2 protein chains.
Amino acid sequence: MITSQPECDKVTPLTDTDRTTPAFAPHDHSACEARALDEAADRLAEQGGRMTPVRRRTLEILLESHRAMGAYEVLDRLAAEGFGRQPPVAYRALEFLVEHGLAHRLQRLNAFAACLHPGHDHAPAFLICRACDKLAELPAAPVRAALADLAGETGFAVERVTIEAVGLCPACAENPAGAEA
Amino acid sequence: MITSQPECDKVTPLTDTDRTTPAFAPHDHSACEARALDEAADRLAEQGGRMTPVRRRTLEILLESHRAMGAYEVLDRLAAEGFGRQPPVAYRALEFLVEHGLAHRLQRLNAFAACLHPGHDHAPAFLICRACDKLAELPAAPVRAALADLAGETGFAVERVTIEAVGLCPACAENPAGAEA
DNA sequence: CCTAACCATGTTACATGATAACAAGTCAAC
DNA sequence: GTTGACTTGTTATCATGTAACATGGTTAGG
């Protein structure tokens, strides 16, 4: 059940648009991964958080694919690599990453995914493909604005918003048989 | 931990605007409850579902408050009233209610809440007060539209959307000490 | 250098959330 | 009144998440 290979086709060179482009399209995933790690380091330097071995490894594991992983899936990987094998090990690392904007928690999946552009302070919307389980982040400002309008009328003070869409990514919509595992 | 009293102030008479007004404001909760049950019965009649004792009681329990309840909290109540005391009893009743549009599942809370206007076929947005745990439904069409726009650009076919906001309801924003338990 | 304070890591144990698989009861239609 | 679909109940197990405490490392002040 555990795979450690990146899942992305390594085809097209990295461009600036990758920063805002969803993860469904083929792309140079090792660069995608490396950039996210770099930006994560920058962000931590600003915020004062410490990037320890468990935390770094946890982030790397999440970055291997554009999927969300359960805490126990991450834990198995960490345990296999010599870190602790008890749930709090994984939960603490994941919580740290989420708090510092380096990863996201997917409420619908009870799972976690690496943030793909941690440089920005953002609360994105998520697109979750129900066929291949891949995940994309979208800038959610317009959506949040629409919600804030509605909530404002009621006097409710919105603090955090969860916006998660389930559906089919372009590849899986074309080839429902199983475009990409 | 288990309370069976409705939590709402029983003050103002029911008006048509209650249908679209969030649940944070004081209102005649017994009427609110009764209407939701009526509309639920109507909806089931249309759809062919059977309103059995467990299901009805489960819906009534959810309707007692404008909060979301965990499946085990519901189960405790059901067990105390002579229904089965095993998890599937609660999960099946809750699943039935959700499938028939009579209740909602709150992803952020891993919990369930009665739908307040089951007559409409809707996928609302939720406002969750982090202080008093009360819950309101908002018509989410504008929000979903904004999201569909963004997702459409990427070729992603959105099927279902979760929109849940956490924050402070008007009462708790004014009186952070503990406006209403 | 040393040590106190803080943080990170690890553990045990448990709480909470969810489902698979099977047995038995209910009810409507024929 | 028997068949067949649905509902309810059970046992057992799995998945997810946390509280509480012990240990170890880092670091700033003395």
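User: How many residues of chain A are in contact with how many residues of chain B?

Analyst: In this predicted model, 35 residues of chain A are in contact with 35 residues of chain B. A pair of residues is in contact when heavy atoms lie within 4.5 Å.

User: What is the area buried between chain A and chain B?

Analyst: About 3100 Å² is buried between the two chains, and carbon and sulfur atoms give 63% of that area. In chain A, the residues that lose the most area to chain B are Arg108(A), Phe156(A) and Arg160(A), which together make up 21% of what that side buries.

User: Why is an area used to describe an interface?

Analyst: The accessible area lost when the parts come together is often given as the size of an interface.

User: What makes the pair Arg130(A) and Glu159(B) a salt bridge?

Analyst: The side chains of Arg130(A) and Glu159(B) meet with N to O at 2.6 Å. The cut-off is 4 Å between a side-chain nitrogen of Lys or Arg and a carboxyl oxygen of Asp or Glu, so the pair is a salt bridge. The count between chain A and chain B is two salt bridges. Polar contacts across this interface come to 12 residue pairs.

User: Which elements of chain A supply residues to the side that touches chain B?

Analyst: β3, α5 (141-154) and β5 (157-168) of chain A each supply at least two residues. β5(A) gives the most, with 12 residues. By class, this side of chain A has 24 nonpolar, six polar and five charged residues.

User: Why is Lys134(A) called buried?

Analyst: Its relative accessibility is 4%. Buried means under 20%, so Lys134(A) counts as buried. Lys134(A) lies in the loop between β3 (125-129) and β4 (135-138) of chain A. Lys134(A) and Ala23(A) are 111 residues apart in sequence, and their C-alpha atoms are 7.6 Å apart in space.

User: Why is Asn110(A) called partly exposed?

Analyst: The relative accessible area of Asn110(A) is 46%. Exposed begins over 50% and buried ends under 20%, so a value in between is partly exposed. Asn110(A) sits in the loop between β1 (103-106) and β2 (111-114) of chain A.

User: What is the value of phi in Asn110(A)?

Analyst: Phi of Asn110(A) is near 45°, which is positive in a residue other than glycine. Most residues other than glycine have a negative phi.

User: What is found for Asn110(B) in chain B?

Analyst: Asn110(B) is not a glycine either, and its phi is positive, about 45°. The loop that holds Asn110(B) runs between β1 (103-106) and β2 (111-114) of chain B. At 46% relative accessibility, Asn110(B) counts as partly exposed.

User: Which residues are closest to DNA strand D, and how many surround it?

Analyst: DNA strand D is surrounded by 17 residues, and the closest are Tyr72(A), Tyr91(A), Thr52(B), Gln86(B) and Arg92(B). Of the strand's atoms that come within 4 Å of the protein, sugar and phosphate account for 51%. The residues of this surface divide into eight nonpolar, four polar and five charged.

User: How do you know that Thr52(B) makes a polar contact with DNA strand D?

Analyst: An N or O atom in the side chain of Thr52(B) is 2.4 Å from a phosphate oxygen of DNA strand D. The limit for a pair of N or O atoms is 3.5 Å, so this pair is a polar contact. A polar side-chain atom of Arg105(A) lies 3.0 Å from a phosphate oxygen of the strand. For Arg85(B), a polar backbone atom is 3.3 Å from a phosphate oxygen.

User: What part of DNA strand C does the side chain of Tyr72(B) reach?

Analyst: An N or O atom in the side chain of Tyr72(B) is 2.8 Å from a base nitrogen of DNA strand C. Tyr72(B) is one of the nearest of the 16 residues around this strand. Arg85(A) has a polar backbone atom 3.1 Å from a phosphate oxygen of DNA strand C. The surface near DNA strand C divides into seven nonpolar, four polar and five charged residues.

Methods. Residues are numbered from 1 along each chain as its sequence is written. Chains are lettered from A and ligands numbered from 1 in the order in which they are written. This is a predicted model: local features need pLDDT of at least 70, side-chain atom pairs count only at pLDDT 80 or more; totals for chains, interfaces and linings use all residues. Side-chain values use heavy atoms; hydrogens and water are left out. A residue is near a molecule or strand if one of its heavy atoms lies within 4 Å of it. A polar contact is a pair of N or O atoms within 3.5 Å; within protein, one must be able to donate a hydrogen and the other to accept it, and residues adjacent in sequence count only if both atoms are side-chain atoms. Ala, Val, Leu, Ile, Met, Phe, Trp, Tyr, Cys and Pro count as nonpolar, Asp, Glu, Lys and Arg as charged, and the others, Gly among them, as polar. Helices (H or I, at least four residues) and strands (E, at least two) are DSSP runs, numbered from the N terminus. Buried means under 20% relative accessible area, exposed over 50%, partly exposed in between (1.4 Å probe, protein chains only). Buried area is the accessible area (1.4 Å probe) that two parts lose on being put together, summed over both.
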